[in-house]
Amino acid sequence: MKKSLAAVAAVLLLAGVGAAAAEDVVIQPEQETVIKEYVKKQPLASVKVPGVELNIGTALPDTVELHEVPNVKYRYTVIDNRTVIVDPGTHKIVKIIE
């Protein structure tokens, strides 16, 4: 019985860690609207980044140029015709705008 309780506790602990990691980046709806409107007004040429899968959490190489959105913490770029919002501190994708 003690082993099963320990196992359950371990699973719950790990689930909590995963949930916390998934919630690290939250873009407020108002901020997302500002980003989308700015991106429409400031279109960029799409670039290719070989070997990089476009997923939330994927870190882009430092060679990828990130573009500022005024009054917003995040930056953006266009890769494979998809606009991605990137945390400039980590270069990780935080949102993909379709």
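A residue counts as buried when its relative accessible area is under 20%, as exposed when that area is over 50%, and as partly exposed in between. Keep that scale in mind as you explore this predicted model.

**Stop 1: a charged pair between two loops**

Select Lys48 and Asp80. They form a salt bridge, with the closest N and O atoms 3.4 Å apart. Lys48 sits in the loop between helix 2 and strand 1, while Asp80 sits in the loop between strand 2 and strand 3, 32 residues apart. Is Asp80 buried, exposed or partly exposed? Its relative accessible area is 32%, so Asp80 is partly exposed. Lys48, at 70%, is exposed.

**Stop 2: the sheet**

Now show the strands as a cartoon. You will find an open sheet of four strands in the order 1-2-3-4, paired in the antiparallel sense. Strand 1 (67-68) and strand 4 (92-97) are at the edges; each has a single partner strand, so one side of each has no neighbour in the sheet.

Zoom in on strand 3 (residues 82-87), which pairs with strand 4 over five bridges. Val86 stands opposite Ile93 in strand 4. Follow the chain around the hairpin that these two strands form: four residues lie between them, and His91 in the turn has a positive phi of about 65°.

**Stop 3: the nonpolar cores**

Select Val86 and Ile93 again, and add Leu60: these belong to the largest nonpolar core, which has eleven residues. Strand 3 and strand 4 each supply at least two residues of this core. Which residues does Leu60 touch, leaving aside those up to four places away in sequence? They are Val52, Thr77, Ile79, Val84, Val86, His91 and Ile93. Apart from this core lies another, of ten residues, among them Ile27, Ile35, Val39 and Val72.

**Stop 4: helix 2 and its salt bridges**

Next, select residues 29-41. This is helix 2, which lies across strands 1, 2, 3 and 4 and runs at about 75° to strand 4.

Show the side chains of Glu32 and Lys36, which meet in a salt bridge (3.2 Å, N to O). The two are four residues apart in helix 2, so about one helical turn separates them. Glu32 is buried at 18%, whereas Lys36 is partly exposed at 36%.

Finally, add Lys95, which forms a salt bridge with Glu32, the closest N and O atoms being 3.6 Å apart. Because Lys95 lies in strand 4 and Glu32 in helix 2, this pair ties together parts 63 residues apart in sequence. With all three selected, you are looking at a network of salt bridges linking Glu32, Lys36 and Lys95.

How values were computed. Residues numbered from 1 in each chain as written. Predicted model: local features only at pLDDT ≥ 70, side-chain atom pairs only at ≥ 80, totals over all residues. Heavy atoms only, no water. Pairing = 2+ DSSP bridges. Contact = heavy atoms within 4.5 Å. Axes fitted to C-alpha atoms, helices over the stretch in contact; angles between N-to-C directions. Core = buried A, V, L, I, M, F, W, Y, C linked by side-chain atoms within 4.5 Å. Buried < 20%, exposed > 50% of the residue type's maximum accessible area, 1.4 Å probe, protein only. Salt bridge = Lys/Arg side-chain N within 4 Å of Asp/Glu carboxyl O.
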